[in-house]
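Here is a short report on one protein chain. The overall form comes before a single buried element.

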Amino acid sequence: MKKSLWFAVLLIVSIVLSACSGESSSATDGKSSKADQSLTYASTTDAVGLSPIMTNDSASSSVIEQVYETLFNRNPETGEIEPNLAESYETPDANTWVFKLKEGVVFHDGTPFNAEAVKYTFDKLRDPATAAPRASLLEPVDAITVVDENTVEIKTKYPYGSFLAALSHSNTSIVSPTADQKQDLMNQPVGTGPFKFVSWTPGDKIELESNEDYRDGAPSLKKVTYKVVPEVNTAISMLQTGEVQFIDALPTEQIKRLESMKDVDIAKKDGTPVYYLTVNHEKEISKDAKFREAIASAIDRDAFVSKLNGLGVRSDSVVGPKVFGHDDSADTAGTPYDMEAAKKLVKENGFDDQPIKLLAANRGNYTLMAEIVQAQLTEAGFKVEIESMEWAAFLDAARAGQYDLTFMSWSNVTGDGSELLYPNFHSDNIGNSNFGRYNNAEFDELVTASRTTVDQNERKELLNQANQLMVEQNAVVVMYHGVVTAATNKSVKGLQLDPNGQWSLYNVSRE
Amino acid sequence: MTRAMLEATDVVPVQKKKEKVYLVTLKRLLKNKLAVAGLVIICLQIAMAVFAPLIVTHEPAKQVLSASELPMFSEGHWLGTDNYGRDVWSRIVYGARISLIVGITAVSLGLVGGITLGLLGGYYKKMDGIIMRVVDLLFSFPGILLAMLIIAILGTSLVNVAIAISIWSIPSCARIVRGSVLSIKQKEYIMAMKSLGASDIRIMLRHILPNATAPIIVFATMRMGTAILSTASLSYLGLGAQPPTPEWGAMISQGQSFMWTSPHLTIVPGIAIMLTVFAFNVLGDGLRDALDPNMDIQ
């Protein structure tokens with residue numbers, strides 16, 4: 001009896017004590033987090049590596065963007081390409097580019113940034129022995145010469161129209177040559193960017209700290225942590241509790257939930273990704289223009305975009321409003337939605353007795369598109385069966401052309417129309433990135449010309465013509481253009497999203 | 001002893017006795033309130049599946065994008081609508097059809113395989129070793145993993161789900177049947193049949209199998225619940241029903257993205273699955289008790 005009484009007293013005392021200690025510690029936490037300039041970002045996937053030369057995925061580039069810098073940058077607001085590590089450039093002839101570099105820039109390891117570093121980086125990136133995933137960015141480059149400490153001359157094999165766009169791609173960031181020879185940049189990156197690498201625990205987190213010697217002044221944030229949270233619902237809950245302060249690429253179906261959270265700001269910006277329905281252009285039925293017209297007129301794209309909770313922009317144009325080469329006239333140039341016309345076309349041409357396989361990846365908005373389009377095509381009289389697959393299997397099946405209809409998307413990092421039309425629709429890339437197997441000589445010619453012309457106005461016109469040609473032929477049905485998104489804790493200020501979904505933390509601070 | 005003699009000599013009284021056995025079983029079953037509840041739920045579900053086109057208010061695949069994610073008890077949609085504006089009630093009703101068809105197909109196929117293997121294994125001592133080792137091998141896989149493996153080989157579709165679940169049912173059915181066969185085989189009336197020169201097949205099918213029906217009925221009923229749950233699980237994982245098929249598991253998987261804004265999209269199909277599995281389980285339990293010859297008839 002006595003014993004149990006003692007036990008009860010002990011229990012109560014310990015509960016009270018633990019409650020007190022809990023309170024006091026959380027109070028100090030709250031204060032310190034307000035004072036210190038640190039930021040935790042939750043990513044659903046871990047980075048593959050931290051070298052711009054050897055990677056090509058968004059999780060890696062979100063870190064690379066902070067640690068390294070490129071010669072040029074596309075202004076997130078105006079879409080214009082501006083010098084970054086470069087000071088200026090000249091093109092004495094169509095195949096020669098002379099870049100003047102900024103002076104006095106130093107890598108995090110003390111190595112000076114100069115023409116030698118640029119030559120080293122680009123030569124390594126384009127060297128076949130490196131097998132860099134984005135070596136294609138510098139494929140037209142013929143020779144790189146160091147003119148003096150801060151001048152580099154690049155000769156191309158043929159006029160390279162989207163060269164500056166390529167030089168603003170995060171995979172052409174300049175690396176420290178001394179560091180690259182000494183260590184593996186994949187694990188220990190060294191660049192010139194506003195943040196320095198601290199540590200990486202694979203599968204858990206990557207830590208960065210501010211570069212106090214950054215040429216335009218040190219960033220406000222002193223410490224940045226990239227935390228791996230594989231499940232997006234968990235990441236959102238962590239944002240709600242304040243455990244992380246920043247997430248991006250928000251799923252459309254979670255927008256309402258995020259909007260209802262008190263301490264969360266949502267940033268949206270019209271972006272460069274495009275999502276489209278493509279026919280398999282090698283199938284007999286797809287060669288019939290009436291078939292493609294019937295499909296296009298059966299799909300109510302306005303109703304679909306309304307389902308995206310504001311995360312999609314409606315346009316018929318393949319080259320999106322935020323991509324170089326876009327012209328407003330293409331936005332409404334496609335076959336309009338008209339269910340009656342579609343039904344008539346289907347009946348008259350006997351499309352109703354041929355089974356159609358709609359291949360769809362079972363992730364993100366692909367399922368949403370597949371179900372809505374299947375229902376609408378069925379209403380028009382088509383016989384459509386959905387086959388949904390996990391992402392990797394889907395890519396294999398789509399690349400092999402095992403479908404009649406499928407959905408594809410392209411996030412255009414450089415924001416240049418040539419970088420969309422060439423890989424996705426040029427006949428050079430059939431069996432590779434041209435999943436729809438679109439093959440049109442006139443179109444090929446226009447796209448090739450857009451790649452080998454240096455005059456930007458001329459390029460824009462060529463891209464517009466190529467784009468209009470595709471839209472007119474219903475080569476694909478554009479479902480929507482992506483909106484890039486991020487959600488942050490209200491204490492985070494100054495975050496700016498690029499239309500390609502990337503972001504810089506340089507101007508970010510906490511209040 | 002007396003029963004065995006009756007079987008071997010006179011047919012008419014056996015028939016009468018059988019009728020009596022059924023009546024007794026039914027009486028016992030009806031005394032078990034939970035089992036009756038299960039039976040009622042199953043009957044309702046069968047009615048729902050059979051008369052689906054008469055019950056539903058909308059086409060199950062008909063989308064109305066402007067009326068999506070309506071809450072429960074909305075006008076014209078008493079269970080609300082999903083993300084595509086499809087009527088949840090209509091999808092649940094058609095979903096019952098899919099669950100029952102896949103469940104019955106899978107269990108029947110599993111019974112055919114399991115009974116065959118069990119009879120052969122139990123009756124012929126020489127085959128027993130091989131058959132039971134194969135069964136042990138099948139047992140060593142966790143059930144859902146085995147089903148996923150089979151679907152990975154055959155491809156994703158509801159038919160393949162039924163096949164996968166039936167294969168998964170074979171080992172437990174084979175073991176149960178073999179156990180009964182082993183004990184029945186020792187009975188005097190089987191010995192008598194043998195000495196009278198009856199063929200093995202005749203003995204197995206006409207005399208052993210009918211006497212082993214009780215555990216098989218119980219197994220099949222319980223297995224229906226498992227089969228329906230597995231179908232839902234596999235569809236939830238994206239390995240079963242392909243969209244827009246209104247399968248319950250697939251409905252949950254689709255609805256889970258909307259847990260925070262429209263919880264009914266996961267809760268309603270979840271309750272449907274739960275009720276069905278519960279009904280089959282309690283009915284199976286009740287049947288086991290009712291068919292147990294050792295229970296007192298009161």
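## Overall form

What radius of gyration does chain A have, with 511 residues? Chain A has 26 Å, which agrees with the value near 24 Å for a compact globule of 511 residues. The radius is taken over C-alpha atoms, and the globule rule is 2.2 Å times the number of residues to the power 0.38. Along the principal axes, the C-alpha atoms of chain A fill a box of roughly 95 × 75 × 35 Å.

This is a predicted model: local features need pLDDT of at least 70, side-chain atom pairs count only at pLDDT 80 or more, and totals for chains, interfaces and linings use all residues. Residues are numbered from 1 along each chain as its sequence is written, and side-chain values use heavy atoms, without hydrogens and water.

## Elements and contacts

Chain A holds 15 helices and 21 strands. These are DSSP runs, numbered from the N terminus: helices are H or I with at least four residues, strands E with at least two.

Of the contacts in chain A with a separation of 6 or more, 69% join residues 24 or more positions apart. Contact means heavy atoms within 4.5 Å.

## Burial

Buried residues (under 20% relative accessible area, 1.4 Å probe, protein chains only) make up 53% of the 511 residues in chain A.

## Helix α13

Helix α13 of chain A spans residues 418-425. Eight of its eight residues are buried, so the helix is largely enclosed by the rest of the structure. Among them are E419(A), Y422(A) and F425(A). The cover includes strands β12 (264-279), β16 (405-410) and β17 (476-489) of chain A. Helices α14 (441-452) and α15 (456-472) of chain A also contribute.

Notes: Chains are lettered from A and ligands numbered from 1 in the order in which they are written. Buried means under 20% relative accessible area, exposed over 50%, partly exposed in between (1.4 Å probe, protein chains only).
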